[in-house]
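Here's a quick briefing for anyone meeting this structure for the first time. Have a look at the picture, then read on.

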Amino acid sequence: MLDNLRRRRSRNYARRSAERAAGRLMRTAAAAGPVASVTDLVGTVEHEIGTPVTMIEMELPCGQVGFTRLTDAEAVIAVSPRCTTWQHTVAHELGHLVLGHRHGGVEIAPPPPGGYAMWAALQRELEREAAVNELEAEAFATRVLEMLPRCGESRGHVRWKDALG
């Protein structure tokens, strides 16, 4: 029970922290000009993380609508062409960048002989961190979308061709 209480407190803290980061990003972006969609936030995110952000459309595995890959040279946000929640998905992926999440693409080598218990504990810890990161990115995206202007159909219907130039 105590473990559950710690986890809830940690998740509440993570959610509030992500919401504050979203508010900070929105205020910074708004100071530079009008913010009508999540694509208007990309330049602010690039400035904040110090890395160019490229958005691409690509086929993704079933059940996956988006992902972010960060390297030293750039950040790439990929979104499925079948994604029906485009603004939310892009805001979620921008959240991973702004919040400094680095969990993607981590692979753990098979355990050495006699080291399964340690390997399993490390695997569980990485899974917990990824779950908290996803919770934070969701809270970030929700807050960003709450702060966007609500002007009819334009709120959730940004077309890829418009977003990508």
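Let's start in helix 1, which covers residues 2-32 and is where Arg20 sits. Keep in mind that this is a predicted model. Arg20 teams up with Arg16, Arg24 and Arg27 in a positive surface patch. What is the overall pattern along the sequence? The chain reads α-α-β-β-β-α-α-α, which adds up to five helices and three strands.

**The chain as a whole**
- The chain has 165 residues, and 33% of them are buried.
- About 10200 Å² of the chain is exposed, and 55% of that area comes from carbon and sulfur atoms.
- Take the contacts between residues at least 6 apart in sequence: 56% of these link residues at least 24 apart.

**The positive patch**
- Four arginines form this surface patch: Arg16, Arg20, Arg24 and Arg27.
- Is Arg20 buried, exposed or partly exposed? Its relative accessible area is 44%, so Arg20 counts as partly exposed.

**A buried threonine**
- Thr89 belongs to helix 3, which spans residues 86-98.
- With a relative accessible area of just 4%, Thr89 falls under the 20% cut-off and is therefore buried.
- Which residues does Thr89 touch, once its neighbours within four places in sequence are set aside? The contacts are Val65, Gly66, Val79 and Cys83.
- One of those partners, Gly66, falls in strand 2 (66-70), and another, Val79, falls in strand 3 (75-79).

**Salt bridges**
- How many salt bridges are there? The count is four, and three of them are picked out below, starting with Arg82 and Glu59.
- Arg82 pairs with Glu59, and their closest N and O atoms are 2.8 Å apart. Arg82 is in the loop between strand 3 and helix 3, while Glu59 is in the loop between strand 1 (53-57) and strand 2, so this bridge ties together parts that lie 23 residues apart in sequence.
- Arg82 itself is exposed, at 58% relative accessibility.
- Arg128 and Glu125 make another bridge, with 3.1 Å between the closest N and O atoms. Both residues are in helix 4 (residues 116-147), three residues apart, or about one turn of the helix.
- Arg128 and Glu125 are each partly exposed: Arg128 has 42% relative accessibility, and Glu125 has a relative accessible area of 42%.
- Arg143 and Glu146 also meet through their side chains, at 3.2 Å from N to O. What separates these two along helix 4? They are three residues apart, so about one helical turn lies between them.
- Arg143 is partly exposed at 29%, and Glu146 is partly exposed at 41%.

**A glycine in a loop**
- Gly50 is in the loop that runs between helix 2 (42-49) and strand 1.
- Is Gly50 buried or exposed? Gly50 counts as exposed because its relative accessibility is 64%, and the cut-off for that label is over 50%.
- Glu74 is 24 residues away from Gly50 in sequence, and their C-alpha atoms are 9.0 Å apart in space.

Notes. Residues are numbered from 1 along each chain as its sequence is written. This is a predicted model: local features need pLDDT of at least 70, side-chain atom pairs count only at pLDDT 80 or more; totals for chains, interfaces and linings use all residues. Side-chain values use heavy atoms; hydrogens and water are left out. Patches are made of residues with over 30% relative accessible area and no salt bridge: like charges are joined within 9 Å, nonpolar side chains (Val, Leu, Ile, Met, Phe, Trp, Tyr) within 5 Å. Accessible areas come from the Shrake-Rupley method with a 1.4 Å probe; for residues, only the protein chains shown count as cover. Lys and Arg count as positive and Asp and Glu as negative; His and the chain ends are not counted. The place of a charge is taken as NZ of Lys, CZ of Arg, CG of Asp or CD of Glu. Helices (H or I, at least four residues) and strands (E, at least two) are DSSP runs, numbered from the N terminus. Buried means under 20% relative accessible area, exposed over 50%, partly exposed in between (1.4 Å probe, protein chains only). Contact means heavy atoms within 4.5 Å.
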